[in-house]
Amino acid sequence: MPQITVDYSDSLESAFDRRSFALALHPLIVETIDTQLSACKTRFRRVDETVVAGGTPGDALVHIGIAVLPGRSPELKAQLSEAVLELLAGHLGHAEGIAPIISAEVRDLEPSYRKR
């Protein structure tokens, strides 16, 4: 815990400094929701195709999903989502002709969550 997943459009491959983002994201999560740094795990998933309603073929997305143990308030989760979006902006370079849509979500892990 937390389980962090970052989905990003393949057109951002060279513009997104993923490792640097993850290394900055982990301490941000720790200080915002009071968890241990060693508990943070991030995986990145490149998305081959992105379609945005009313968009263009060059549209790109980055979505960060953070799953945490239950007990955090909705306000704290929203605060973390906002902070993550601000952090992301600093790690997403310019990609010619692309204005990515970025989003973040913090949700509770399901009661069935187990870790070994």
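**Entry 1: aromatic rings**

I started with the aromatic residues of this predicted model and found three aromatic pairs. For each pair I noted two things, because a pair of aromatic rings is described by the distance of the centres and the angle of the planes.

I looked up Y8 and F16 to begin with. Their ring centres lie 5.7 Å apart and their planes meet at 80°, so I wrote this pair down as edge-to-face. An angle over 60 degrees is what earns that label.

Next came F16 with F21. Here the centres are 5.8 Å apart and the planes are at 55°, and the pair is tilted.

Which residues do the ring pairs link into a cluster? I listed Y8, F16, F21 and F44.

**Entry 2: are these rings buried or exposed?**

I checked the accessibility of some cluster members, keeping in mind that buried means under 20% relative accessible area. Y8 has 4%, so I marked Y8 as buried. F16 has 3% and is buried too. For F21 I read 0%, so F21 also goes down as buried.

**Entry 3: helix 1**

F21 belongs to the buried residues of helix 1, so I moved on to that helix. Helix 1 covers residues 18–33, which makes 16 residues. I tried a little check of its length: at 1.5 Å a residue, the helix should span 22 Å, and its end C-alpha atoms are 22 Å apart, so expectation and model agree.

Then I went along the helix looking for buried residues. Besides F21, I noted A22, L25, H26, L28, I29, T32 and I33.

What covers the buried residues of helix 1? My list includes strand 1 (3–9), strand 2 (41–47), strand 3 (61–68) and helix 2 (74–89).

I also looked at both ends. At the N-terminal end, D17 acts as a cap, with a side-chain oxygen 3.3 Å from the backbone nitrogen of S20. Just after the helix, D34 has a positive phi of about 60°.

**Entry 4: a closer look at T32**

I picked T32 from helix 1 for a page of its own. Its relative accessibility is 15%, so T32 counts as buried.

Where does a polar atom of the T32 side chain find a partner? I found the backbone oxygen of L28 at 2.7 Å from that atom.

Finally I asked which residues T32 touches, not counting those up to four places away in sequence. The answer was L76, Q79 and L80. Helix 2 runs over 74–89 and is among the elements covering the buried residues of helix 1.

Conventions: Residues numbered from 1 in each chain as written. Predicted model: local features only at pLDDT ≥ 70, side-chain atom pairs only at ≥ 80, totals over all residues. Heavy atoms only, no water. Helix = DSSP H or I, 4+ residues; strand = E, 2+ residues; numbered from the N terminus. Expected span 1.5 Å × (residues − 1). Buried < 20%, exposed > 50% of the residue type's maximum accessible area, 1.4 Å probe, protein only. Contact = heavy atoms within 4.5 Å. Polar contact = N/O pair within 3.5 Å; in protein donor to acceptor, adjacent residues only side chain to side chain. Phe/Tyr/Trp six-rings, centres within 6.5 Å; stacked < 30°, edge-to-face > 60°.
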